[in-house]
Amino acid sequence: MRRSPAPKLLQQFSIVDALVAGLFDGVFSVEEVGRAGGFGLGCGDHMDGELVVLDGVFRLFHGDGTMSVLDPSEQVAFAEVVDFTAESSELVEAVESLPELEAEVRRRVVSANIFHAVRFDAHFAAISLREAKRQTKPYLPLAEAVHDQREVVLTDVTGTLLGFLAPQVFQGVTVAGAHFHFVSADGEQGGHVLGLATATGDLAVESYYGVSVQLPSSPEFLAAELDLPGADDVIRHVESDHQHG
């Protein structure tokens, strides 16, 4: 009897609750993460910047406004990747906000109870980004560490917004709902997406019925208290445009 092919899975390294607890050390190599997929997002060692993985290239957008392409031997603290193959792709015009983009994605998928990868190659009248700044030990909890993040608004820019929509029940393992990063077409600008205005481009989506999570093996992770009170509020605060209402 012929077996059905195994379903594609979202591949994840560490969990968001580990970041909430202040576990910012890079414990996974770019080489290891890259074997699992060439499309995705994450954060760097020491919470240094916002990671964008596109077409197999790992770009880290730092909190000082610079960008570096990571070598295979370099480490990241958290990552989510897939080998992205669009199941649907179509032109969407004049998307006026991040919630509107999320609604456009949800109109194209079968359920909010599974995972979806999103690629939006578009022109943006404006896109608001943040880049976390490198942290030093002893690390602060995530809610405090992001207070000095760099925030910037790019205008009249073309590039790729990418990321994932995750089911609400996975909050803490990942970011429930929408989590998007951006890289400009020239590869020089990018970060975590806080908001957007008037975007037109090709919206591509692929769905996944599972996630594979590789947990850190570091002593710090093994000893950490991860079931923290208020973790859900911290994640929502960190993922939002909290400095601009």
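**Figure 1. Strand β9, a mostly covered strand in this predicted model.** Of the 17 residues in β9, 14 are buried. The strand covers residues 115-131, and it has partners to show off. With β12 (residues 190-208), β9 runs antiparallel and shares 15 bridges. With β10 (residues 150-166), β9 also runs antiparallel, and here too 15 bridges do the joining. Want a landmark for each pairing? Look for L129, whose bridge partner in β12 is V193, and for H123, which is matched with T158 in β10.

**Figure 2. A close-up of the main nonpolar core.** The largest nonpolar core holds 23 residues. Which residues have the most contacts inside this core? They are L101, F120, F124, I127, L161, F182 and L196. Two or more residues each come from β8, α3 (98-106), β9, β10, β11 and β12. Strand β9 is the top contributor to this core, giving six residues. As a general backdrop, nonpolar side chains in soluble globular proteins tend to be buried together.

**Figure 3. Zooming in on L101 and its contacts.** Leaving aside residues up to four places away in sequence, L101 touches V95, F120, L161, F180, L196 and L203. Several of these names should ring a bell from the previous view: F120, L161 and L196 are, like L101, among the residues with the most contacts inside the largest nonpolar core.

**Figure 4. A second core, set apart from the main one.** How many residues make up this other core? It has 16, among them L54, F84, A166 and Y208. Keep an eye on F84, as its ring turns up again in the next view.

**Figure 5. F39 and F84, a stacked pair.** This is one of seven aromatic pairs in the structure. The ring centres of F39 and F84 lie 4.6 Å apart and their planes meet at 15 degrees; planes under 30 degrees apart count as stacked, so this pair is stacked. The two rings come from distant parts of the chain, 45 residues apart: F39 belongs to strand β3 (residues 39-44), while F84 sits in the loop between β7 (75-82) and β8 (88-95). F39 has a relative accessibility of 3%, so it counts as buried. The story doesn't stop at two rings, either: ring pairs link F39, F84 and F164 into a cluster.

**Figure 6. F124 and F182, an edge-to-face pair.** Are these two rings stacked or edge-to-face? Their centres are 5.4 Å apart and their planes stand at 85 degrees, so the pair is edge-to-face. This is another link between distant parts of the chain, with F124 in strand β9 and F182 in strand β11 (residues 177-184), 58 residues apart. F124 is buried, with a relative accessibility of 0%, and F182 is buried as well, also at 0%. Both residues also appear among those with the most contacts inside the largest nonpolar core.

**Figure 7. Stepping back to the whole chain.** Six helices and 13 strands make up the secondary structure. The radius of gyration is 17 Å, close to the 18 Å that the globule rule gives for 245 residues, so the chain is as compact as a globular protein of that length. Its C-alpha trace spans about 55 × 45 × 35 Å along the principal axes. Buried residues account for 52% of the 245. Of the contacts between residues at least 6 apart in sequence, 78% join residues at least 24 apart. On the outside, the chain exposes about 11100 Å², with carbon and sulfur atoms supplying 51% of that.

How values were computed:
Residues are numbered from 1 along each chain as its sequence is written. This is a predicted model: local features need pLDDT of at least 70, side-chain atom pairs count only at pLDDT 80 or more; totals for chains, interfaces and linings use all residues. Side-chain values use heavy atoms; hydrogens and water are left out. Rings of Phe, Tyr and Trp (its six-membered ring) pair if their centres lie within 6.5 Å; planes under 30 degrees apart count as stacked, over 60 as edge-to-face and the rest as tilted. Helices (H or I, at least four residues) and strands (E, at least two) are DSSP runs, numbered from the N terminus. Buried means under 20% relative accessible area, exposed over 50%, partly exposed in between (1.4 Å probe, protein chains only). Two strands pair if DSSP finds at least two bridges between them. The radius of gyration is taken over C-alpha atoms; the globule rule is 2.2 Å times the number of residues to the power 0.38. Contact means heavy atoms within 4.5 Å. Accessible areas come from the Shrake-Rupley method with a 1.4 Å probe; for residues, only the protein chains shown count as cover. A nonpolar core is a set of buried Ala, Val, Leu, Ile, Met, Phe, Trp, Tyr and Cys residues joined through side-chain atoms within 4.5 Å.
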